[in-house]
Amino acid sequence: MDKPPTLKSARTLHLTYNLPISRTSKFWKGLEEGKIYTTKCQKCGKLHFPPVADCGDCGSSNMKWTELDGEGEIETFTQIVVKPASFSNESDYIVAIARLKEGVRALAWLTGVEREDVEVGMRVKLEAKVNSDGRAIYEFIPI
């Protein structure tokens with residue numbers, strides 16, 4: 001069966017998303033202040049990272065803000081060589097998942113270390129900062 005004819009566009013499509021953050025704005029403001037906040041469900045006690053407005057475990061909207069220390073240990077990591085389009089201008093980078101001492105797992109870029117020096121069990125700290133283009137972000141650094 002022949003495929004129907006198609007026309008491939010030579011234009012690049014750029015999408016911009018406006019995400020509502022009113023119920024998690026403390027997290028974003030905290031990053032700008034160098035702090036990592038998350039939410040804890042007051043009904044079931046589940047700690048969520050990143051923060052959520054409603055508990056995925058019990059459905060409660062009764063969430064309390066708590067500041068994370070950010071220290072943890074890497075459970076897994078990978079070096080990103082083939083990047084998604086939105087990161088195509090970035091150099092190769094490392095992404096890690098670490099279990100923080102508060103018990104939650106966090107996914108973030110790992111900076112300040114060469115790939116060959118990264119290992120499971122490595123101690124890291126989740127740090128908040130404002131990057132060069134003015135966006136509030138968080139990333140792991142080795143400790």
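**Exercise 1.** In which sense do strand S1 and S3 pair, and over how many bridges?

*Solution.* The model is a predicted one. Strand S1 covers residues 36–41, and its pairing with S3 is antiparallel, over six bridges. Within these strands, Thr-38 stands opposite Thr-66 in S3. Next, place the two strands in their sheet: it is open, has three strands in the order S2-S1-S3, and its pairing is antiparallel. S2 and S3 each have a single partner strand, so they stand at the edges, and one side of each has no neighbour in the sheet.

**Exercise 2.** Describe the barrel and the contact between S6 and S8.

*Solution.* Start with the strand order. The closed barrel has five strands, S4-S5-S6-S8-S7, and its pairing is mixed. On average, neighbouring strands of this sheet are turned by 50 degrees against each other, direction ignored. Then look at one pair: strand S6 (residues 105–110) runs parallel to strand S8 (residues 136–142), and two bridges join them. Trp-109 stands opposite Glu-139 in S8. Finally, add the helix: H1 (residues 25–32) packs on this sheet and touches strand S7 (123–130) and S8. The direction of H1 makes about 60 degrees with that of S8.

**Exercise 3.** Work out which residues of H1 are buried, and why they line one face of the helix.

*Solution.* First list the buried residues of H1: Phe-27, Gly-30 and Leu-31. Seen down the axis of H1, these buried residues fall within an arc of 100 degrees, so they line one face of the helix. On the other side of H1, Lys-29 and Glu-32 are exposed. Now ask what the buried residues pack against: S1, S3, S7 and S8. S7 and S8 are strands of the barrel, whereas S1 and S3 belong to the open sheet. Just after H1, Gly-34 takes a positive phi of about 85 degrees.

**Exercise 4.** Classify the ring pair of Phe-27 and Phe-49, and say where its two members sit.

*Solution.* A pair of aromatic rings is described by the distance of the centres and the angle of the planes. The structure holds seven aromatic pairs. For Phe-27 and Phe-49 the centres are 6.0 Å apart and the planes make 70 degrees. Planes over 60 degrees apart count as edge-to-face, and the pair is edge-to-face. The pair links distant parts of the chain, with the two positions 22 residues apart: Phe-27 is in helix H1, and Phe-49 is in the loop between strand S2 (47–48) and strand S3 (63–68).

Next, test burial. The cut-off for buried is under 20% relative accessible area. Phe-27 has 3%, so it is buried. Phe-49 has 12%, so it counts as buried too. Ring pairs also link Phe-27, Trp-28, Phe-49 and Tyr-138 into a cluster.

**Exercise 5.** Why is the pair of Phe-87 and Tyr-93 tilted, and is each residue buried or partly exposed?

*Solution.* The ring centres of Phe-87 and Tyr-93 are 5.9 Å apart and the planes stand at 55 degrees, so the pair is tilted. For burial, take each residue in turn. Tyr-93 has a relative accessible area of 9% and is buried. Phe-87, at 31% relative accessibility, counts as partly exposed.

**Exercise 6.** Over which ring does the charged end of Lys-26 sit?

*Solution.* The charged end of Lys-26 sits over the ring of Tyr-37, 4.5 Å from the ring's centre.

Note on methods:
Residues numbered from 1 in each chain as written. Predicted model: local features only at pLDDT ≥ 70, side-chain atom pairs only at ≥ 80, totals over all residues. Heavy atoms only, no water. Pairing = 2+ DSSP bridges. Helix = DSSP H or I, 4+ residues; strand = E, 2+ residues; numbered from the N terminus. Axes fitted to C-alpha atoms, helices over the stretch in contact; angles between N-to-C directions. Contact = heavy atoms within 4.5 Å. Phe/Tyr/Trp six-rings, centres within 6.5 Å; stacked < 30°, edge-to-face > 60°. Buried < 20%, exposed > 50% of the residue type's maximum accessible area, 1.4 Å probe, protein only. Lys NZ or Arg CZ within 6 Å of the ring centre and 35° of its normal. Arc of directions from axis to C-beta.
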